[in-house]
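Colleague: I am new to this structure. Please give me a close look at one part, the salt bridges, and then link it to the rest of the model.

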Amino acid sequence: VALVTPDLDASVQFWRDVVGLEEVERSGGQVFLRAWGDLEHHTLILEAGSEARVDHVAWRTKSRADVAAFAEILGHAGAQLTEVKAGEELGQGDAIRFSTPGAHCFELYYDVAKPPAPEGRRSALKSNSFRAWSHGISPRRIDHVNLCTSNPELVCDWLSATFGFRMTELIRLDDGSLAAGWMAVTNLMHDIAVMRDANGEPNRFHHIAYFLDNWHDVMRAADILQESGVPRDAGPGKHGISQAVFLYVTDPGSGHRLELFSGGYLIFDPDWEPIVWREDELAAGQSWWGAELAGVAAMDSTTPFGD
Ligand SMILES: [Fe+2]
């Protein structure tokens, strides 16, 4: 996920020193970060810019050939494609960018560098990149993104038809409309959630989530945020939808929101049927316990996508 921030120093201080992501590299006003369990070159880019916005959300395909294959499918469907040549984004091979029906900029790539951490910072475990728990909240890995849009049904149908995302849980309002959908292409309960924007905006960002191994790590995260003087938006609490223990906090430098996410469940059933939450069950779906979350989006969206 590539986030633009009007205060790069404050944002780096938050994501690196408080959240505990690792700074991998800096180049041309961009800072590349990853968690200690992330092996790819970066899972987060912070870039200096005049206003906070989301530049793009990137997905890795299953093969190199899939990038070109998706370009053809998307091109036939009328999408405006932008080619991103190898190396244009540091650590990444050839990629394409295009918009969702909600005008969120997505990127597809396959080739990516997996640089080892510098000597002395490297994990003794070969399955990690950086040494675990070295500073800050120290999440293991990126988990999911949550986007807001005026018409979630349109975006969810497109995600399903174009990329094969399957719906795992959803909120259906009394008027029959889809208020929010949780979708996955992996065994995670969701790789993406799409929610109706409270202000009817087409292309907003709600949050990026990083994963912690244990519920207790989320409590510890709350303590670290208190010590750092960064107020929480909500939580710790437990979601009914996803069953995860969560905490939301906003980057003081940019206004982009982070969810610290632990637990949840995995899906192995090939015949999984989406779990439907009705309007009168919505509050329990958003917060099973521990936090008051009102409305479909459980807090407004934060920042816009855009150039
Ligand atoms: Fe989330």
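Modeller: Start with three words. A residue is buried when its relative accessible area is under 20%, exposed when that area is over 50%, and partly exposed in between. Keep in mind that the model is predicted.

Now the salt bridges. The structure holds 17 of them. Take K85 and E83. They form a salt bridge, with their closest N and O atoms 3.0 Å apart. K85 has a relative accessible area of 47%, so it counts as partly exposed. E83 has 55%, so it counts as exposed.

Next, D143 and R141. Here the closest N and O atoms are 2.9 Å apart. D143 is buried, because its relative accessible area is 9%. R141 is partly exposed, because its value is 22%. Salt bridges can also share partners. R53, D55, E89, R97 and E107 are joined in this way into one network.

A further bridge leads us to a helix. R16 and E23 meet through their side chains, N to O, at 2.8 Å. At 25% relative accessible area, R16 is partly exposed. At 24%, E23 is partly exposed too. R16 falls in helix 1, which covers residues 8–18. The buried residues of this helix are L8, S11, V12, F14, W15 and V18. There is a general point behind such a list. An α-helix has 3.6 residues a turn, so residues three or four places apart point the same way. Just after helix 1 comes G20, with a positive phi of about 95°.

W15 takes us inside. The largest nonpolar core has 56 residues. W15, L44, L159 and I192 have the most contacts within this core. Look at L159. Leaving aside neighbours within four places in sequence, L159 is in contact with F106, G164, F165, M183, I192 and V194. Another core lies apart from the largest one. This other core has 14 residues, among them L173, W182, Y265 and L282.

F106 has a second partner worth a look: T100. T100 touches F106 and W158, not counting residues up to four places away in sequence. T100 is found in the loop between strand 7 (95–99) and strand 8. T100 is buried, because its relative accessibility is 5%. The side chain of T100 reaches the backbone nitrogen of G102 at 2.9 Å.

Strand 8 (105–109) also borders another loop, which runs to strand 9 (141–149) and holds S138. S138 is not a glycine, yet its phi is positive, near 65°. With a relative accessible area of 2%, S138 counts as buried.

Q243 can be set beside S138. Q243 is not a glycine either, and its phi is positive at about 65°. Q243 sits in the loop between strand 14 and strand 15 (244–250). Its relative accessibility is 41%, so Q243 counts as partly exposed. Strand 14 (residues 232–238) includes P236. A cis peptide bond joins P236 to G235, with omega about 5°.

K238 belongs to that stretch, and it brings in S287. Setting aside neighbours within four places in sequence, S287 is in contact with K238, G240 and L293. S287 is found in the loop between helix 5 and strand 18. At 9% relative accessibility, S287 counts as buried. Its side chain reaches the backbone oxygen of A291 at 2.6 Å.

The loop from helix 5 (282–286) to strand 18 (303–304) holds W289 as well. W289 is partly exposed, because its relative accessibility is 38%. Together with W215 and W288, W289 makes a nonpolar surface patch of about 370 Å². So this loop carries both a buried serine and a partly exposed tryptophan.

Definitions and conventions:
Residues are numbered from 1 along each chain as its sequence is written. This is a predicted model: local features need pLDDT of at least 70, side-chain atom pairs count only at pLDDT 80 or more; totals for chains, interfaces and linings use all residues. Side-chain values use heavy atoms; hydrogens and water are left out. Patches are made of residues with over 30% relative accessible area and no salt bridge: like charges are joined within 9 Å, nonpolar side chains (Val, Leu, Ile, Met, Phe, Trp, Tyr) within 5 Å. Accessible areas come from the Shrake-Rupley method with a 1.4 Å probe; for residues, only the protein chains shown count as cover. A salt bridge is a side-chain nitrogen of Lys or Arg within 4 Å of a carboxyl oxygen of Asp or Glu. Helices (H or I, at least four residues) and strands (E, at least two) are DSSP runs, numbered from the N terminus. Buried means under 20% relative accessible area, exposed over 50%, partly exposed in between (1.4 Å probe, protein chains only). A nonpolar core is a set of buried Ala, Val, Leu, Ile, Met, Phe, Trp, Tyr and Cys residues joined through side-chain atoms within 4.5 Å. Contact means heavy atoms within 4.5 Å. A polar contact is a pair of N or O atoms within 3.5 Å; within protein, one must be able to donate a hydrogen and the other to accept it, and residues adjacent in sequence count only if both atoms are side-chain atoms.
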